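Me: I'd love a close look at one helix-to-helix contact in this structure, and then a walk outward from there. Could you take me through it residue by residue?

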Protein chains: 2
Amino acid sequence: MDTQTARVAEELKASLGRKVTTSTSALDLHGRDESAYPPHPPDIVVTPGSIEDVQAVVRLCDRFEVPVIPYGAGTSLEGHVHAVTGGVCIDMIAMTRVLRVSAEDLDCTVEPGVSRLELEKVLARDGLFFPTDPGADATIGGMAATRASGTNAVRYGTIRDLVLSMKVVLPDGSLISTGGRARKSSAGYDLTRLFIGSEGTLGVIVELTLKLFGIPETIAAAVCRFPTVDTAVATVIAAVQLGIPMARIELLDTSAIEAVNAHSGIEAEVTPTLFLEFHGSPAGVEDQALRLAEVADENGGAGLEWATDLSERNRLWRARHQAYYAALAMRPGSKAYSSDVCVPISALADGIHAAAADLESSSLPSMVFGHVGDGNFHTLVLVDPEDPAEMDEVKGLTGRLVERALAAGGTCTGEHGIGTGKIGYLEAELGPAVDVMRQLKRAIDPKNIMNPGKIFAL
Amino acid sequence: MDTQTARVAEELKASLGRKVTTSTSALDLHGRDESAYPPHPPDIVVTPGSIEDVQAVVRLCDRFEVPVIPYGAGTSLEGHVHAVTGGVCIDMIAMTRVLRVSAEDLDCTVEPGVSRLELEKVLARDGLFFPTDPGADATIGGMAATRASGTNAVRYGTIRDLVLSMKVVLPDGSLISTGGRARKSSAGYDLTRLFIGSEGTLGVIVELTLKLFGIPETIAAAVCRFPTVDTAVATVIAAVQLGIPMARIELLDTSAIEAVNAHSGIEAEVTPTLFLEFHGSPAGVEDQALRLAEVADENGGAGLEWATDLSERNRLWRARHQAYYAALAMRPGSKAYSSDVCVPISALADGIHAAAADLESSSLPSMVFGHVGDGNFHTLVLVDPEDPAEMDEVKGLTGRLVERALAAGGTCTGEHGIGTGKIGYLEAELGPAVDVMRQLKRAIDPKNIMNPGKIFAL
């Protein structure tokens, strides 16, 4: 801990007392995420209880030019919470209140530390839900900061579309509100969208107003097996063109089905499989399922199985739900190196083929799966982070994955973000536009105290 | 024309020849929009034919520090194209190409000058459509610059949600691309959303990649009359809560119905009326209409009339389609002063009542109507722009309209933008957040050459 940081620690302990810790175990815990990158512990961890606490911390860090790293649930896959140059980690675990819920307006206001599943429970009491579901039980603040999405973005949009406004503590400790509760606004620059996906590099998100939906009257789950990835993707394309409002449409590649069969006690047919969900009225859901079945049939699918009963729905989706754990079980003790890209859907089948072929040429266990309604797919490679040769191999695989995605007009990340892991790919994707991002960063955070080393190289 | 501007005119004529004009009639034409604010002609009008032309113009303006005003169709309602300190108007009328359309990916790439209806025609050949419909036949570039939306935003989102990426010429004449063709991305700051709604103050939008939809298999139009605004709004709230995916849901207040009856030869019952549209499969559309009818019935609606046949649909929506022209006919020769606000939907009925009461206390003819699914409503007042007392009166009405919207947690503009007309209200709405906007403006346009006097006071 350098002198400046020591001063900050001293002053924080004096003003915030037990909300501040420098214990090794706390620092270690907060220096890790779910990526395979090496951890970087912060020097100090603070758990503010209020916006005023956050402002006090940021003001101090501004004065002493010490880094500030906002921390949600630590479920990042790209090193977002790594304190690469030390500093103060602001853990939002004590700011988890749901401040208001309106069933009439279908919106709510929450503190950033509330987790996805905690919020789900609170909203369910009013028959409401917030769609964004990246899999992990991330915090709402963390999901907004990384522009998260997940399985149902094809129907409800990503979190970009679902935050109405937010309060943000700026790098000088001042507080702004980016808007109110209106569903839409054309009042000035879209600051809400500027902070969504800014990965903690422009300020600390301290409050969010979210767009909600009524829990659908009927939910149907469905599964359909295909002879090839191409026929599965052709089905998705046709269904999207027809405007069938699918709530989720997930693909497991044969590699993923094999892993599930081997490690989850499931005996699914080893062939590319689509997992779908439909939301609506009973008649609406049936109409969607029947139309999808027709499209799947025309494209060589093996007949759509669908159900609305909860236990049947869970049975149909079981392989999809087990995929991540099955992947981890392929090689116990190793870390999952998960990467994601997003391409125009016409390039999706080729993208998945090329990724699968490249992964098969590797010695490391791996799988491919995707949120295919958006053209977003993931590769997951089991790697020993302590083995430099393995890490080099997986980085090579990721580099080629991104290169192919960019060549197809896609993006280096659909939903995981840049963090520390994809900084070079951002340059490859956007070139001079990254200079504009740097100008924005300098304008708002001239001392570069906000989560330094993320999105941009140090 | 000052010396610097004269130098620009000279150099532009030398390099771009007939694409440049300083004729009085052209200048007059480009200094006007559809607002009631006094016109401000530019000094020079250029009609670039390519991105390179735009870059050449902006580079010159940067060198001589002369204002640049991007111009689409001139349909702004808030003075966006007014050259308040003179300068060069860049008219996009020669950049109207649809560069590519993909039915598979449901996207297209266009030049900014293509108009909404021109694009509609081109896309229809492939069975596709782009939803944003603000009423006027605006250009796509202009709609993106002002964050436009319109009647079907409740289903398809605003243009904010429908632009995948764009190319922008920055104030120094350099060109950036804000992204590719992926449906979603979490790669760095959301520059696409930063330029959407920036009203020409950060750069010139020169190309846009848009998200498209298949033309629905079935379209149904519907009308339902209500005893009060409150019962109509209660119906809207219940329908949104139930997740009925209405494509459009418009309200005409009694003032609007009266105007339509008086000036369009229609004999509609003078009572608050909802105009709806449903998109989907035949079964899906019927399900939506029947569910809406049930909700309307529970809330005191007078029975939903609905139809899928084109001529019947036009008959049902005729009063809505005629509303704007009927308003103009209330007082021939005067200008329509149209203002819009957006509030949480629970505050919509009160907002409309208060607006209607305030307008009735005025001597000027007026009407209220709204895109009520979003909580967005408009007032339209017929005013003589040459009469300072009348202009003061209408500004007072607008001020109170905005004040009430902000008190209800809403925004000073849902879709018209800030322009020159709502600069003061932006400050009232967002306070210190406007300072952040100014920092962004200074970072990207340090010489303030891009559309000066819009969003921020000079």
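Reply: Happy to. In this predicted model, A:Val436, A:Gln439, A:Leu440, A:Ala443 and A:Ile444 of α16(A) meet B:Val436, B:Gln439, B:Leu440, B:Ala443 and B:Ile444 of α16(B). The residues of this contact divide into eight nonpolar, two polar and no charged. An α-helix has 3.6 residues a turn, so residues three or four places apart point the same way. Each of the two helices spans residues 432-444 of its chain.

Two packed helices are described by the angle between their axes and the distance between the axes. Here the axes of α16(A) and α16(B) come within 9 Å and cross at roughly 135°. An angle over 145 degrees would count as roughly antiparallel, and α16(A) and α16(B) are therefore oblique to each other. Their crossing is right-handed.

Chain B offers two further helix pairs to set beside this one. Take α9(B), residues 229-241, and α13(B), residues 348-360. They pack at an angle of about 150°, with their axes 9 Å apart, and are therefore roughly antiparallel to each other. This crossing is right-handed. On the α9(B) side the contact is made by B:Val229, B:Asp230 and B:Val233, which meet B:Leu348, B:Ala349, B:Ile352 and B:His353 of α13(B). Sorted by character, these residues are five nonpolar, one polar and one charged.

Helix α13(B) also packs against α14(B), residues 388-407, at an angle of about 165° and with the axes 10 Å apart. The two are therefore roughly antiparallel to each other, and α13(B) passes α14(B) in a right-handed crossing. For this partner, α13(B) uses B:Ala354, B:Ala355, B:Asp358 and B:Leu359, which meet B:Leu397, B:Arg400, B:Leu401 and B:Arg404 in α14(B). Five residues of this contact are nonpolar, none is polar and three are charged.

Now for the interior. The largest nonpolar core has 185 residues, and those with the most contacts inside it are Phe130, Leu210 and Phe278 of chain A together with B:Phe130, B:Leu210 and B:Phe278. Helix α9(B) gives the largest share of this core, seven residues. As for B:Phe130, its contacts beyond four places in sequence include B:Leu119, B:Leu123, B:Ile140, B:Met143, B:Ile159 and B:Leu162. B:Leu210, B:Lys211 and B:Leu212 are also among the contacts of B:Phe130.

Two other spots in chain B are worth a visit. B:Val68 lies in strand β3(B), residues 68-71, and because its relative accessibility is 0%, B:Val68 counts as buried. Not counting residues up to four places away in sequence, B:Val68 touches B:Cys61, B:Val88, B:Ile90 and B:Val204, as well as B:Ile449, B:Met450 and B:Asn451. The C-alpha atoms of B:Val68 and B:Val57 are separated by 8.6 Å, with the two residues 11 apart along the chain.

The other spot is α10(B), residues 254-264, whose buried residues are B:Ser255, B:Ala256, B:Ile257, B:Ala259, B:Val260, B:Asn261 and B:Ser264. Among the elements of chain B that cover them are β13 (246-252), β14 (273-280), α12 (310-329) and β17 (366-371). Just after α10(B), B:Gly265 takes a positive phi of about 65°.

Notes: Residues are numbered from 1 along each chain as its sequence is written. Chains are lettered from A and ligands numbered from 1 in the order in which they are written. This is a predicted model: local features need pLDDT of at least 70, side-chain atom pairs count only at pLDDT 80 or more; totals for chains, interfaces and linings use all residues. Side-chain values use heavy atoms; hydrogens and water are left out. A nonpolar core is a set of buried Ala, Val, Leu, Ile, Met, Phe, Trp, Tyr and Cys residues joined through side-chain atoms within 4.5 Å. Buried means under 20% relative accessible area, exposed over 50%, partly exposed in between (1.4 Å probe, protein chains only). Helices (H or I, at least four residues) and strands (E, at least two) are DSSP runs, numbered from the N terminus. Contact means heavy atoms within 4.5 Å. Axes are lines fitted to C-alpha atoms, for helices over the stretch in contact, and angles run from 0 to 180 degrees between N-to-C directions. Angles under 35 degrees count as roughly parallel, over 145 as roughly antiparallel, 65 to 115 as roughly perpendicular and the rest as oblique. A crossing is left-handed if the near helix is turned anticlockwise from the far one by less than a right angle, and right-handed if clockwise. Ala, Val, Leu, Ile, Met, Phe, Trp, Tyr, Cys and Pro count as nonpolar, Asp, Glu, Lys and Arg as charged, and the others, Gly among them, as polar.
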